[in-house]
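Here's a quick briefing on the model you have open. Skim the lead, then dip into whichever topic you need.

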Amino acid sequence: MEPSDAELIAAVLQGNAASFEPLVKKYSPRIFGTARRYARREDEIADIVQEIWMKAFQKLGSFRGDAPFEHWLMRLAVRTCYDFLRAHQRNRESSFTDLTEPEDDWLDRFAADPDNAPEDAAAAKQLIDRALEQLSPPARMIIQLMEIEDRPVKEIAELTGWSVPLVKVRAFRARAELRKILAKIAKEKYL
Amino acid sequence: MKPGKLERKLLAAAKAHPPSDAVPYAFEQRIMTALLRAPVPDAWAVWAGALWRAAAPCIAVAILCSVWTMVAPKHSDTASNNLSDDLEQTVLAAVTQEADALQ
């Protein structure tokens, strides 16, 4: 029988660092999925995930065990991704004039018939990725967690460490910021 | 083009394409190597570092106190001009009072 998370954590805290490896193996897919929502390049993603695991190892003593280890780890992951966004926010400025052909085609189809433009098209995903990259770090974090992952306000507050009112205020500002960016796309393409 | 509708479509597109959760080959070995290579903080080194960081503020406070004792105006004519006399009088106040009472 495989040891439980609690048993592995207890072993690590007693000095058996090798017991950390099964935890890394078990939760890395989830952490990679989270990191890929905030970074594009695979080397950056691997660095973020490594930083998350290093922090998890160093702070393991602060894990009280009253909630699942996965929740504690996800809080750490989201906060590390937010730090990454803040550290890389200078790269946000870009223009929508350099759209790829599929992105351009998708926008044309949307302009012609908004209801029938396909949502599962890769071009639409690329467009939203471009828009998300231009958002400020808190706005991007909120749009990702609230609008794309459909997480409730309370859960976002727990994940990010922000208060519930702050999450609501930031959500309001984030939606306005996203609408402004999308209006910019429309303006650059059709004016 | 309606930005509100575009926003809904694009967010739906983002939901329809969740990111991959693939883990690079032997990633857990990379993590374990990094963990074992990470320097273990030495308690004495942390203590020595803290002492060095505290040294500058302590020196600054000592200099300020020295300057203040030299520059501060005298409060009254009855007070002694000598700081060491004042200190001695305060520290030995209880002994002096007891001696006075016995006399």
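**Two helical chains, one predicted complex**

Going along the sequence, chain A reads α-α-α-α-α-α-α-α-α. Keep in mind that this is a predicted model; the predictor scores the complex with an ipTM of 0.83 and a pTM of 0.74. Chain B follows the pattern α-α-α-α-α, so to speak in the language of helices is fair for both chains.

**Chain A overall**

- Chain A has nine helices and zero strands.
- Its C-alpha trace spans about 65 × 35 × 30 Å along the principal axes.
- Buried residues come to 32% of the 191 residues in chain A.
- Looking at contacts in chain A with a separation of 6 or more, 60% of them link residues 24 or more positions apart.

**A:Leu8, up at helix α1**

- A:Leu8 sits in helix α1 (residues 5-13) of chain A.
- Is A:Leu8 buried or exposed? It counts as buried because 20 other C-beta atoms lie within 10 Å, and the cut-off for buried is 20 or more.
- Setting aside neighbours within four places in sequence, A:Leu8 is in contact with A:Pro3, A:Ser19, A:Pro22 and A:Leu23.
- Take A:Ser19 from that list: A:Leu8 and A:Ser19 are 11 residues apart in sequence, yet their C-alpha atoms are 5.5 Å apart in space.

**Helix α5 of chain A**

- Helix α5 of chain A covers residues 101-112, and its 12 residues should span 16 Å at 1.5 Å a residue. The end C-alpha atoms are 16 Å apart, so the expected span and the model agree.
- Which residues of α5(A) are buried? They are A:Glu103, A:Trp106, A:Leu107 and A:Phe110.
- Viewed down the axis of α5(A), those buried residues fall within an arc of 100°, so they line one face of the helix.
- The general rule behind this kind of pattern is that an α-helix has 3.6 residues a turn, so residues three or four places apart point the same way.
- On the face of α5(A) turned away from the buried side you'll find the exposed residues A:Glu101 and A:Ala112.

**Where the chains meet**

- The contact draws 37 residues from chain A and 30 residues from chain B.
- On the chain A side, α2 (20-35), α3 (42-58), α5, α6 (122-133), α7 (137-148) and α9 (164-190) each supply at least two of the residues touching chain B.
- α2(A) gives the largest share of that side, with nine residues.
- By type, the chain A side that touches chain B divides into 24 nonpolar, three polar and 10 charged residues.

**Chain B and its helix α3**

- Chain B has five helices and zero strands, and 9% of its 103 residues are buried.
- Helix α3 of chain B runs over residues 43-71, and its 29 residues should span 42 Å at 1.5 Å a residue. Its end C-alpha atoms are 42 Å apart, which agrees.
- Where does α3(B) bend? The bend, about 30°, is at B:Ala55, and a proline, B:Pro57, follows within four residues.
- α3(B) is hardly covered, with a count of zero buried residues among its 29.

**How confident is the predictor in chain B?**

- Chain B has a mean pLDDT of 84, with 88% of its residues at 70 or more.
- Among the elements of chain B, α3(B) has the highest mean pLDDT (91), and helix α5 (residues 93-102) has the lowest (79).
- As a general caution, where pLDDT is low, the predicted coordinates should not be read in detail.

Methods. Residues numbered from 1 in each chain as written. Chains lettered and ligands numbered in written order. Predicted model: local features only at pLDDT ≥ 70, side-chain atom pairs only at ≥ 80, totals over all residues. Expected span 1.5 Å × (residues − 1). Buried ≥ 20, exposed ≤ 12 C-beta atoms within 10 Å, placed from the backbone. Arc of directions from axis to C-beta. Contact = placed C-beta atoms within 7 Å. Nonpolar A, V, L, I, M, F, W, Y, C, P; charged D, E, K, R; others polar. Bend = angle between axes of the 7 residues up to and from the residue. pLDDT = per-residue confidence, 0-100.
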